[in-house]
Every structure is written in C-alpha cells, then in structure tokens.
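Please walk me through this structure in connected prose, beginning with how the metal sites are built and moving on to the contacts between side chains.

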Amino acid sequence: MMELRPNCECCDRDLAPDAPALICTFECTFCPDCAHDVLGGICPNCGGNFARRPVRPPAMLAKYPASTKRVLKQGGCAA
Ligand SMILES: [Zn+2]
Ligand SMILES: [Zn+2]
C-alpha cells in the first residue's frame with residue numbers, strides 16, 4: 001500500500017493526500033514545483049522518473065490513513 005507521505009521531500013511543504021504531488025517508484029514524494037523546476041523530472045534519490053500520485057478516495061483514506069511520517073532529504077535537493 002502506498003504511504004501517501006505528508007510533505008515534499010525537497011521543500012518540506014505540506015502535501016495533503018488529495019493535493020497534487022509527484023512520486024517516483026520508491027514513493028519519494030515531491031510537490032509539483034520542486035519536481036519540475038528544481039529536479040527537472042528526475043528523482044534525486046534513485047534517478048527514476050515521476051508519476052502523479054493517485055488520490056485515495058475519502059472512504060478508503062478513513063480506513064487506510066495516509067502516513068504522518070515526514071521525510072526530508074538531508075541538505076535539500078537543489079544541485
Ligand atoms: Zn517541494
Ligand atoms: Zn526516487
């Protein structure tokens with residue numbers, strides 16, 4: 001099951017479960033601004049590409065809540 005992480009790993013912005021967010025295959029999670037403008041569409045952790053994070057329907061979100069564990073890249077992720 002996807003974690004649905006609560007923040008952008010670059011800028012630590014809050015990302016609600018239904019907010020636009022981009023993830024890589026390992027579910028490294030970024031806001032659209034960082035994913036496009038800072039990272040150029042490439043995950044800084046694994047080198048993979050991003051896909052739009054799917055939105056979990058509210059009833060499922062109540063049953064299977066999103067992660068509350070914030071993940072932040074050490075040292076930021078600007079080159
Ligand atoms: Zn960001
Ligand atoms: Zn990654």
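Along the sequence, the residues that donate to the zinc ion (ligand 2) follow the spacing C-x3-C-x14-C-x2-C. In this predicted model, the donors to that ion are the SG atoms of Cys24, Cys28, Cys43 and Cys46, at 2.3 to 2.8 Å. The angles among the 4 donor atoms run from 84 to 154°, and the site of the zinc ion (ligand 2) is classed as irregular; four donors count as tetrahedral if all angles lie between 85 and 135 degrees, so a range of 84 to 154° does not qualify. Within this site, Cys28 and Cys46 link distant parts of the chain, since Cys28 sits in the loop between β1 (22-23) and β2 (29-30), while Cys46 sits in the loop between α1 (32-38) and β3 (51-52), 18 residues apart. Cys28 has a relative accessibility of 8% and therefore counts as buried, whereas Cys46, at 33%, counts as partly exposed.

The zinc ion (ligand 1) has the sequence spacing C-x2-C-x19-C-x2-C among its donor residues. Its protein donors are the SG atoms of Cys8, Cys11, Cys31 and Cys34, which lie 2.3 Å from the ion. Why is the arrangement around the zinc ion (ligand 1) tetrahedral? The 4 donor atoms subtend angles of 101 to 114°, and this makes the arrangement tetrahedral. For reference, the ideal angle for four tetrahedral donors at a metal is 109.5 degrees. Two of the donor residues can be set against each other in their exposure: Cys8 is buried, with a relative accessible area of 0%, while Cys11 is partly exposed, at 36%.

The strands named above belong to an open sheet of 3 strands in the order β2-β1-β3, with antiparallel pairing. The edge strands are β2 and β3, each of which pairs on one side only. Between β1 and β3 the antiparallel pairing extends over 2 bridges, and Ile23 has Ala51 in β3 as its bridge partner.

Turning to charged side chains, the count comes to 5 salt bridges. In one of them, Asp33 and Arg13 meet with an N to O distance of 3.3 Å; Asp33 lies in helix α1 and Arg13 in the segment before β1, so this pair ties together parts that are 20 residues apart in sequence. Asp33 is partly exposed, with a relative accessible area of 39%, and Arg13 is also partly exposed, at 39%. Another salt bridge joins Arg70 to Asp14, with the closest N and O atoms 2.9 Å apart. Because Arg70 lies in the segment after α2 (58-63) and Asp14 in the segment before β1, the pair ties together parts that are 56 residues apart in sequence. Arg70 is partly exposed, with a relative accessible area of 41%, whereas Asp14 is exposed, at 57%. Salt bridges that share partners also join Glu3, Arg5 and Glu9 into one network. Within that network, the side chains of Arg5 and Glu9 meet at 3.7 Å, N to O, and both of these residues are buried.

Finally, the surface carries a nonpolar patch formed by Met1, Met60 and Tyr64, which together have about 340 Å² of accessible area. Of these residues, Met1 is found in the segment before β1, and its relative accessibility of 74% means that Met1 counts as exposed.

Conventions
Residues are numbered from 1 along each chain as its sequence is written. Chains are lettered from A and ligands numbered from 1 in the order in which they are written. This is a predicted model: local features need pLDDT of at least 70, side-chain atom pairs count only at pLDDT 80 or more; totals for chains, interfaces and linings use all residues. Side-chain values use heavy atoms; hydrogens and water are left out. Donors are N, O and S atoms within 2.8 Å of the metal (3.2 Å for Na, K and Ca); water is not among the atoms, so sites may look incomplete. Four donors count as tetrahedral if all angles lie between 85 and 135 degrees; four count as square planar and six as octahedral if opposite donors are over 155 degrees apart and all others between 65 and 115; anything else is irregular. Buried means under 20% relative accessible area, exposed over 50%, partly exposed in between (1.4 Å probe, protein chains only). Helices (H or I, at least four residues) and strands (E, at least two) are DSSP runs, numbered from the N terminus. Two strands pair if DSSP finds at least two bridges between them. Patches are made of residues with over 30% relative accessible area and no salt bridge: like charges are joined within 9 Å, nonpolar side chains (Val, Leu, Ile, Met, Phe, Trp, Tyr) within 5 Å. Accessible areas come from the Shrake-Rupley method with a 1.4 Å probe; for residues, only the protein chains shown count as cover. A salt bridge is a side-chain nitrogen of Lys or Arg within 4 Å of a carboxyl oxygen of Asp or Glu.
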